[in-house]
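Let's take a walk through a protein model together. Keep the picture in view and turn it as you read.

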Amino acid sequence: MKITVVGVGYVGLVAGACLAEMGNDVVCVDIDQKKINLLNSGKVPLYEPGLEEMLRRNKSKIAFTTDMKPAIEKSVAIFIAVGTPPGKNHEADLSAVKAVAKTIGQHMNGYKVVIDKSTVPVGTADVVAQIIKENQKKQTAFDVVSNPEFLREGEAINDFLIPDRIVIGCSSEKARKIMEDLYKGIARTDRPMLFCDVRSAEMIKYASNAMLATRISFMNEIAQLCEKLGADVKMVAKGMGLDNRIGPRFLQAGVGYGGSCFPKDVKALYQTMQEHQVNGSILEAVERVNEEQKKSLLPKIKKLVPELKGKKVAVWGLAFKPKTDDMREAPSLVVIDQLLKEGAQVVAYDPEAEEVAKKMLPRIAYAQDPYEALQDADCLVIVTEWNTFRDLDKEKMKKLMKHPNIIDGRNVYEPSEMREAGFSCIGVGR
Ligand SMILES: NC(=O)c1ccc[n+]([C@@H]2O[C@H](COP(=O)([O-])OP(=O)(O)OC[C@H]3O[C@@H](n4cnc5c(N)ncnc54)[C@H](O)[C@@H]3O)[C@@H](O)[C@H]2O)c1
């Protein structure tokens with residue numbers, strides 16, 4: 001099938017690559033000329049495991065351009081995968097989605113399915129349809145479908161190709177057939193495809209992210225109580241997760257959630273609730289607990305290093321989670337800001353996010369490996385649980401550090417083992 005994907009970010013580029021891998025003829029369009037130039041020179045503007053190889057493998061089936069007109073004209077299916085960042089009042093900013101809808105309308109030369117893959121508020125498909133209609137030179141039939149994306153950065157390719165489910169909100173039989181055809185390769189592997197009305201599909205995305213964020217904030221609040229009462233939140237999560245009604249995932253306490261999705265989607269859903277006179281008290285608390293959690297490491301750091309002025313603090317992990325270079329809303333930004341305000345010197349290490357981080361955190365030093373960051377450090381703070389931090393040489397770490405203090409914001413280590421190895425170690429909720 002001939003497909004256009006608009007937006008070559010974490011979602012659009014992965015979708016484009018995977019759709020090409022599934023045998024389609026794909027054109028990826030973006031307004032960012034720099035990104036398109038990079039992609040045309042065989043480079044990938046973001047870090048996602050396996051993506052570079054997949055793009056290389058499918059070179060003949062995927063093209064990159066800033067020119068939407070020919071891409072729209074030759075495609076049957078057009079994915080909108082542009083950003084929907086938070087607006088002034090935390091509502092989803094739909095300006096990019098609307099701009100794309102306008103261009104699609106202007107260049108529509110026959111029936112197309114326009115697929116909202118960006119995370120957009122309920123009712124957006126109607127808005128997109130209206131804009132397309134208003135901008136068509138001559139009336140042409142089309143359908144707008146909601147097909148929200150659930151991929152996780154770091155696991156994006158697997159999540160796209162072997163998703164838990166594919167949700168398609170669709171009101172026309174013709175569009176449904178095209179969507180079935182488009183995803184038949186995935187459905188063949190027995191992945192469930194849920195067809196529903198468009199508005200429910202749009203809501204499924206927000207409600208899913210809000211539920212996952214709720215689990216995290218809930219566990220972070222339980223962790224605070226565990227610390228007061230002498231329970232171990234890791235054990236508590238394990239015990240809870242064994243209950244089939246609860247399940248083990250998204251029960252890890254830590255330094256709070258970040259990234260480009262949970263924070264903005266929770267706020268946007270809350271905003272929608274406010275607009276429609278729905279109380280939203282759960283989401284309000286989820287967000288508040290998360291903001292508090294991001295700040296919860298500083299008092300722990302100060303327990304071990306009471307005066308931080310002039311002290312050297314090593315920070316391991318900057319990306320909002322492992323296996324990505326995405327720094328949007330990363331808890332590391334809050335932790336490092338607090339440390340700098342206290343007058344500490346920060347040396348950070350992240351396996352992939354350094355380049356992105358340098359633009360957001362220009363006042364800190366960067367190490368080339370985890371050990372280098374520890375040289376003469378008064379304290380180590382772990383903010384992102386990259387696997388590489390799990391199995392390091394403890395003796396070497398201790399020798400390098402001025403004082404063997406660890407604040408483990410992701411419960412990577414067993415505090416008792418670290419204490420036995422001679423470290424002072426404080427985790428979260430244990
Ligand atoms: N990142 C994730 O893990 C994830 C997961 C699921 C859903 N989503 C949703 O998918 C959407 C995209 O997210 P992302 O992380 O890929 O964003 P991103 O910021 O990485 O990429 C968005 C891309 O859209 C391009 N763009 C903006 N305006 C444009 C326009 N008018 N025409 C063409 N291109 C334009 C930008 O240049 C950018 O390359 C968002 O709605 C997001 O909420 C993201």
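## A pair on one helix, then the whole chain

Start with Glu52, which forms a salt bridge with Arg56; their closest N and O atoms are 3.7 Å apart. Please keep in mind that this is a predicted model. In general, side chains of opposite charge can pair when their charged atoms come close. Why are these two residues separated by about one helical turn? Glu52 and Arg56 are 4 residues apart in helix H3, which covers residues 51–57, and so about one helical turn lies between them. This pair belongs to a structure that holds 28 salt bridges.

Now zoom out to the whole protein chain. You will find 19 helices and 14 strands in it. The radius of gyration of the chain is 23 Å, close to the 22 Å that the globule rule gives for 430 residues, so the chain is as compact as a globular protein of that length. If you follow the C-alpha trace along its principal axes, it spans about 75 × 50 × 40 Å.

How is the chain divided into domains? The domain assignment gives domain 1 (2–196), domain 2 (206–294) and domain 3 (297–426).

Let's look at where domain 2 meets domain 3. The centres of these two domains, taken over C-alpha atoms, lie 24 Å from each other. Domain 2 brings 15 residues to the contact, and domain 3 brings 16 residues. Between domain 2 and domain 3, about 1,200 Å² of area is buried, and carbon and sulfur atoms give 49% of this area.

Charged partners appear here as well: 2 salt bridges are found across the interface of domain 2 and domain 3. You can also look for the salt bridge in which the side chains of Glu227 and Lys300 meet, at 2.6 Å from N to O. Between domain 2 and domain 3, 5 residue pairs are in polar contact.

Finally, turn to the side of domain 2 that touches domain 3. The elements giving two or more residues to this side are helix H11 (233–241), helix H12 (262–275) and helix H13 (281–294). The residues of this side of domain 2 comprise 5 nonpolar, 6 polar and 4 charged ones.

Definitions and conventions
Residues numbered from 1 in each chain as written. Predicted model: local features only at pLDDT ≥ 70, side-chain atom pairs only at ≥ 80, totals over all residues. Heavy atoms only, no water. Domains from an automatic or database assignment. Contact = heavy atoms within 4.5 Å. Buried area = accessible area lost by both parts, 1.4 Å probe. Salt bridge = Lys/Arg side-chain N within 4 Å of Asp/Glu carboxyl O. Polar contact = N/O pair within 3.5 Å; in protein donor to acceptor, adjacent residues only side chain to side chain. Nonpolar A, V, L, I, M, F, W, Y, C, P; charged D, E, K, R; others polar. Rg over C-alpha atoms; globule rule 2.2 N^0.38 Å.
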